[in-house]
Amino acid sequence: MKIITAQEHQTASKTGVLELANDVDPRTLDLSGISRIDLQFPAFTDGRAYSQAFLLRRRLRFAGELRATGDVLIDQLVQMKRTGFNVAVLAEGVDASAAQRQLDRYAGFYQGSAVETKPHFAQVA
Amino acid sequence: MYQYTEFDKAFVRARAAEHRDQLERWQAGQLSDEQFRPLRLQNGWYVQRYAPMLRVAVPYGEINAAQIKVLAKIAREFDTPDAALLAEAQAAQDKIPGLAPKLTTNYGHFTTRQNVQFNWIPLSKSADVMELLATVNMHGIQTSGNCIRNTTTDELAGVAVDEVVDPRPYAELIRQWSTLHPEFAHLPRKFKIAITGATEDRAAIGWHDVGLQVIQNAAGEVGFKVLVGGGMGRTPINGVVIREFLPWQDIMNYLEAVVRVYNRWGRRDNKYKARIKILVKAEGQRYFDEVETEFREIIERDGAPHTLPQAELDRVKAGFVDPALNLPENTDEWLAQAEAALSIEAAKTPAFARWLVRNVKPHRNPQLRAVSLSFKRPGYAPGDATAEQLDAAAALVEKYSAGEARVSHTQNLLLPWVRLDQLHALWLEAKALGVAQPNIGLLTDMIACPGGDYCALANARSIPTASAITERYQDLDELEDLGHIDFHISGCINSCGHHHSGHIGILGVDKDGKEWYQVTLGGSDGKDLSGAATPGKVVGPSFSSFEVPDVIEAILDTYKQLRVATANGKQEAFIETLHRVGHDPFKAAANAARHPAADAETV
C-alpha cells in the first residue's frame, strides 16, 4: 500500500486514468488502455468504493493501480488494502506517521479478500 | 461453547490494542471527534446523555462464568462516574416531571440483542476495559456503527426440544466471516442477522436485516431458509423469503452477495431510509435478482472462496458438544425418582412450584432443564445486574450449568445445563440472590431499553414506565392469571426496546419537550403463540406518563372480560383474545382511561 500526498496526486499524469463515481457499476466499463482507476471516498464513512475496488480487482482482474481518493484516513487503510487498493491519497492534513503500524497490526483476518483470496480456514487447512 | 483458538485470541487482543492507539491519537488531537466517533462506535463506545456507554458483544448470547466475572469486575471498578457528574446528571433528570427511580451506577445491563452494556465508564478508561475484556476473549467489535452487528439466536439454541439443527456453529461462522470484513465496515446503515434452528422462531428472525432458519430438506440435507429486509425503526417491516433452501456450505458466499448489493445500492442520502428493508421494499424482485446474479458470479467467477468445507464446520461444531456433566446413567428409574422428588418439593413450596412452571424449560436431554434467572424485579431496571449479582450469577452458572449461560432476548440470564435433581438447590440460591421471580413470559418480564435516563437518542424515559408497571403488578396470582404477555418499551423510534413486536408496545415520543407515550397492540416477534412477525397497531393519540399504567390496566381488564377458554381447556392468552375479537374493544378501553386534560400532566 503506497501512501501519497494530495500534491503528488494532483501533479501525477492523467493519461490512462479513469475517475470512477461511486454509483458506477465497474462491470459496465471498458477498461482497455486504463492503467489507473481513482475511486472516491466522499466521506470516510461512505463504503461504496470498497465494493467497487473488490469487483475491479477480484471479479474483473484489473491489474493496474487502484487509487483511493477523497476522505482517506489512516484507520481505513487496511480495509482499502484488502479490497484491492494499492495507492491511497491521504486527505489534507492527515498525519501519516501512524499509518504503518495500522497496516502491520493484524497477523491475519477471517475472510478472504481481493488480495488474500483464501479465508483463514482455507489457509490453515 | 466455542473455544477460541490462538488466532481468535490474538485477533481480539489486536483489536484492543487498535482501540488504544485510536484513543491516544484522539486524545493527542491527531483524530478529530468526527473521525474518532465511527471508530469507537465499532468497538462499542457511544457517548450518551451524560457519559459514554459501552456495549460488549456476547456473540449469539453465549457466555461463560469467567466472562461474567469480568463483567462484574468492570461494573465494580469502572462503571463509576465521578460524584459531580452523577449529581449533575441526577439534577437534570429530576427536572423531568413524574416519579422516577434514581440513576444507578456499577451495573451491567443485558440488552435485547443479547449484549451487555455499561453506562458510566469514562472514555479515558476505555482502552483498559477493552484489554480486560480481551483476557476472556470478549470485545465490543461491531456492536455499533454501520456494519454487521452481533448475530443473535434462540436462547435455547442447542438444547431446545423442537430444534432441528443447532444454529450455534453457523452463528459462530457468521461471527468470524463478519468480523472486520474489509468491504462492509461502512455500510449505508447497521446490519443485523438473527438465526434459529428450531421449528418455533424464538430469535425474531423476521425482524432482522437477514433472518436465517436452519432447516433440513426432504433428502435430509442441512440448509437455510433466508429472509431479508426486516427491521424496526420508524418503518417497521418484516423480512421476506429470498431463498427457501440455501445449502449450508454456501452461507458465507450468499451473505456476501446480499450485503454487497446492499452496500452498492442502499440509500446514503437519508439515514431513515438507509436500512436494507427500504431497499428491498423499493426494488423488490430486482434486488432479489441482483443478489442471485452476484451469488452466481461469486461461485463461478470468484471461485466460491467462502464455501464451507465439512472439516471447518466439524472444527467449529466440536466447540458445541455438550459439556461434561457427570450425569448419572439415564434410566427411567433415575428420571422417575428425580421427578418425584421435585413434585414433593413443589407440593410443599408453592413458590417453587410456580418457578418450575414459569422459569424452567424442557431440554432435549430429559435429565436436564434450561433455567431462566429473572432480572425483572422491583427496584431494578429490566435487565440490570449489579457487580455483586453478576459475580453471584457467575457462581451459579459454574455450579449448576457447566460454566455456561446465555444472555436472552428478553434481558435475562438462562442456564442451559441444569440437572433435574439440582433444580431445587438452584432455586434456593437464585431466590436468595433475588433472581427467582417466577415471571418469565409474564407481564413483568418486559423488554425495555435504557431510554431517556441514559440514552442520548431517547425522546422519553423507559425505566419509570417499566418501574410503574412492575410495582403495580406484584401480585403473583394476578400476574399468572394474566398469563403470557410480551410487553415491550422503547424510549424512541429506534426501537431498541422492540415495542413494535410487543403484544403491548410502548413508544416514547417527545411533544413540546414533554414525554408522551404511544401504545400499540398486537405486535408479534414471530413465536408460535404470537403468530407471524408483525408490528402492533397504535391505539390512539399518545398518553402522558401518568396515564400509561392506567391504560395498561384498562387493556388488561378488557382482556379479562373478553377471554374465553380455548379448545384444550386452557384460558385464552391476551394475544389470542386480541386476535379473536379485534382491536376495537381494547382501543376503546385504552382511550377511556385517559385522565382529564387538567391532571394528565400534573398528577
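Reader: In chain A, what percentage of the contacts with a separation of 6 or more comes from residues 24 or more positions apart?

Author: Contacts can join residues that are far apart along the sequence. In chain A of this predicted model, residues 24 or more positions apart make up 60% of the contacts with a separation of 6 or more. For chain B the corresponding figure is 70%.

Reader: How many helices and strands does chain A have, and what pattern do they follow along the sequence?

Author: Count the elements, then read them in order. Chain A has five helices and five strands. Along the sequence their pattern is β-α-β-β-α-β-α-β-α-α.

Reader: What radius of gyration does chain A have, and what would a compact globule of 125 residues have?

Author: The value is set against the one expected for the chain length. A compact globule of 125 residues would have a radius of gyration near 14 Å, and the 15 Å of chain A agrees with that. The C-alpha trace of chain A spans about 45 × 35 × 20 Å along its principal axes. Of its 125 residues, 38% are buried.

Reader: How do I read a single helix, and what span does helix α2 of chain A have?

Author: Compare the span with the rise expected per residue. Helix α2 of chain A covers residues 48–59, twelve residues, and reaches 16 Å from its first C-alpha to its last. That is close to the 16 Å expected at 1.5 Å a residue. After α2(A) comes A:Arg61, whose phi is positive, near 55 degrees.

Reader: Which residues of α2(A) are buried?

Author: Burial is judged residue by residue. An α-helix has 3.6 residues a turn, so residues three or four places apart point the same way. In α2(A), the buried residues are A:Arg48, A:Ala49, A:Tyr50, A:Ser51, A:Gln52, A:Ala53, A:Phe54, A:Leu55, A:Leu56, A:Arg57 and A:Arg58. Because eleven of its twelve residues are buried, α2(A) is largely enclosed by the rest of the structure.

Reader: What do the buried residues of α2(A) pack against?

Author: Look for contacts in both chains. Within chain A, the buried residues of α2(A) pack against β2 (17–20), β3 (36–41), β4 (65–70) and α3 (77–83). They also pack against α7 (251–265) of chain B.

Reader: How many residues does each chain bring to the contact between them?

Author: Each side is counted separately. Chain B gives 35 residues and chain A gives 31 residues. On the side of chain B that touches chain A, at least two residues each come from α1, α2 (33–41), α6 (168–178), α7 and α10 (310–317) of chain B. The largest share of that side, eight residues, is supplied by α1(B).

Reader: How does α1(B) lie against α5(B)?

Author: For a helix pair, read the distance between axes, then the angle. The axes of α1 (residues 6–27) and α5 (residues 126–134) of chain B come within 9 Å and cross at roughly 175 degrees. That angle is over 145, so α1(B) is roughly antiparallel to α5(B). From α1(B), the contact uses B:Val12, B:Arg13, B:Ala16, B:His19, B:Arg20 and B:Leu23. From α5(B), it uses B:Ser126, B:Ala127, B:Met130, B:Glu131 and B:Ala134.

Reader: In what order do the strands of the open sheet that contains β8(B) stand?

Author: Read a sheet from edge to edge. This open sheet has five strands in the order β6-β7-β8-β9-β10 (chain B), with mixed pairing. At its edges stand β6 (152–153) and β10 (240–247) of chain B, each with a single partner strand, so one side of each has no neighbour in the sheet. Inside chain B, strands β8 (residues 210–216) and β9 (residues 222–228) run antiparallel and are joined by seven bridges. B:Gln216 stands opposite B:Val222 in β9(B). Helix α7(B) lies across β8, β9 and β10 of chain B, at about 10 degrees to β9(B).

Reader: What is the strand order in the open sheet of chain B that includes β13?

Author: The reading is done in the usual way. The order of the five strands is β1-β2-β5-β4-β13 (chain B), and the pairing is antiparallel. Neighbouring strands of this sheet are turned by 30 degrees against each other on average, direction ignored. Within it, β4 (residues 107–110) and β5 (residues 116–118) of chain B pair over two bridges. B:Phe110 stands opposite B:Val116 in β5(B).

Conventions: Residues numbered from 1 in each chain as written. Chains lettered and ligands numbered in written order. Predicted model: local features only at pLDDT ≥ 70, side-chain atom pairs only at ≥ 80, totals over all residues. Helix = DSSP H or I, 4+ residues; strand = E, 2+ residues; numbered from the N terminus. Expected span 1.5 Å × (residues − 1). Buried ≥ 20, exposed ≤ 12 C-beta atoms within 10 Å, placed from the backbone. Contact = placed C-beta atoms within 7 Å. Pairing = 2+ DSSP bridges. Axes fitted to C-alpha atoms, helices over the stretch in contact; angles between N-to-C directions. Parallel < 35°, antiparallel > 145°, perpendicular 65-115°, else oblique. Rg over C-alpha atoms; globule rule 2.2 N^0.38 Å.
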